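Hello,

Here is the structure I promised to hand over. Have a look at it first, and then read on for what turned up.

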Amino acid sequence: MLENKDSKRASVYDLKGLNCPLPVLKAKKRLAGMQAGSRLWLETTDPLAVIDIPAFCSDSGHRLVETAAVSGGHRFLVERGEQQS
């Protein structure tokens with residue numbers, strides 16, 4: 001996977017080992033404390049995250065910039081939206 005310079009500046013939030021709904025709930029709380037336009041990598045092992053994280057982003061006004069399957073799970077690059085999550 002190629003990462004651009006913007007994705008390299010994003011923080012990484014390790015949500016591995018957590019099952020639904022915890023990855024979304026923790027991501028929501030973490031993103032709420034960030035400025036609009038900030039980016040955060042979410043690293044998950046929950047197989048339902050491939051459904052839950054994109055739905056959460058759509059419902060909360062965040063932008064799912066990139067998603068990647070990695071060994072044992074997935075990574076999602078989320079950009080904090082304008083509205084409060």
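**What was found**

Let me start with a ring and a charge: R75 lies over the face of W41, 3.9 Å from the ring centre. A charge counts as sitting over a ring if NZ of Lys or CZ of Arg is within 6 Å of the ring centre and within 35 degrees of the ring normal. R30 does something similar with Y13, its charged end sitting over the ring at 4.4 Å from the centre. As for pairs of aromatic rings, the structure holds zero; such a pair would need ring centres of Phe, Tyr or Trp (its six-membered ring) within 6.5 Å, with planes under 30 degrees apart called stacked, over 60 edge-to-face and the rest tilted.

Before going further, please note that this is a predicted model, in which local features need pLDDT of at least 70 and side-chain atom pairs count only at pLDDT 80 or more, while totals for chains, interfaces and linings use all residues. Residues are numbered from 1 along each chain as its sequence is written, and side-chain values use heavy atoms, with hydrogens and water left out.

**The overall layout**

The protein has three helices and four strands, and from the N terminus on they run α-β-α-β-α-β-β. Helices (H or I, at least four residues) and strands (E, at least two) are DSSP runs, numbered from the N terminus. Of the 85 residues, 38% count as buried. Here buried means under 20% relative accessible area, exposed means over 50%, and partly exposed is in between (1.4 Å probe, protein chains only).

The accessible surface comes to about 5000 Å², and 51% of that belongs to carbon and sulfur atoms. These areas come from the Shrake-Rupley method with a 1.4 Å probe, and for residues only the protein chains shown count as cover. Among contacts between residues at least 6 apart in sequence, 68% join residues at least 24 apart; contact means heavy atoms within 4.5 Å.

One more thing to look for along the backbone is a cis peptide bond between C20 and P21, with omega about 10 degrees. P21 lies in the loop between β1 (11-15) and α2 (22-32).

**Salt bridges**

How many salt bridges does the structure hold? There are five, each being a side-chain nitrogen of Lys or Arg within 4 Å of a carboxyl oxygen of Asp or Glu.

In one of them, the side chains of E43 and R75 meet at 2.7 Å, N to O. This pair links distant parts of the chain, with E43 in strand β2, R75 in strand β4, and their positions 32 residues apart. E43 counts as buried at 14% relative accessibility, and R75 counts as buried at 14% too. Strand β2, where E43 has its place, covers residues 39-44. Not counting residues up to four places away in sequence, E43 touches V12, Y13, D14, L15, K16, H74 and R75.

Another salt bridge joins K16 and D14, whose closest N and O atoms are 4.0 Å apart. K16 is partly exposed at 45% relative accessibility, and D14 is partly exposed at 47%.

R63 and E79 form a salt bridge as well, their closest N and O atoms being 3.4 Å apart. R63 lies in strand β3 (residues 63-70) and E79 in strand β4, so the pair ties together parts that are 16 residues apart in sequence. R63 counts as partly exposed, at 41% relative accessibility. Elsewhere, salt bridges that share partners join D14, K16, E43 and R75 into one network.

**Inside and outside**

Is V78 buried or exposed? V78 counts as buried because its relative accessibility is 0%. V78 belongs to strand β4 (residues 73-79). Leaving aside neighbours within four places in sequence, V78 is in contact with ten residues' worth of company, including L31, L40, L42, I53, C57 and L64. The C-alpha atoms of V78 and L64 are separated by 4.7 Å, although the two are 14 residues apart along the chain.For contrast, I51 in helix α3 (residues 49-60) is exposed, with a relative accessible area of 54%. Together with L48 and V50, I51 forms a nonpolar patch on the surface, with about 250 Å² of accessible area in total. Patches are made of residues with over 30% relative accessible area and no salt bridge, where like charges are joined within 9 Å and nonpolar side chains (Val, Leu, Ile, Met, Phe, Trp, Tyr) within 5 Å.

Best wishes
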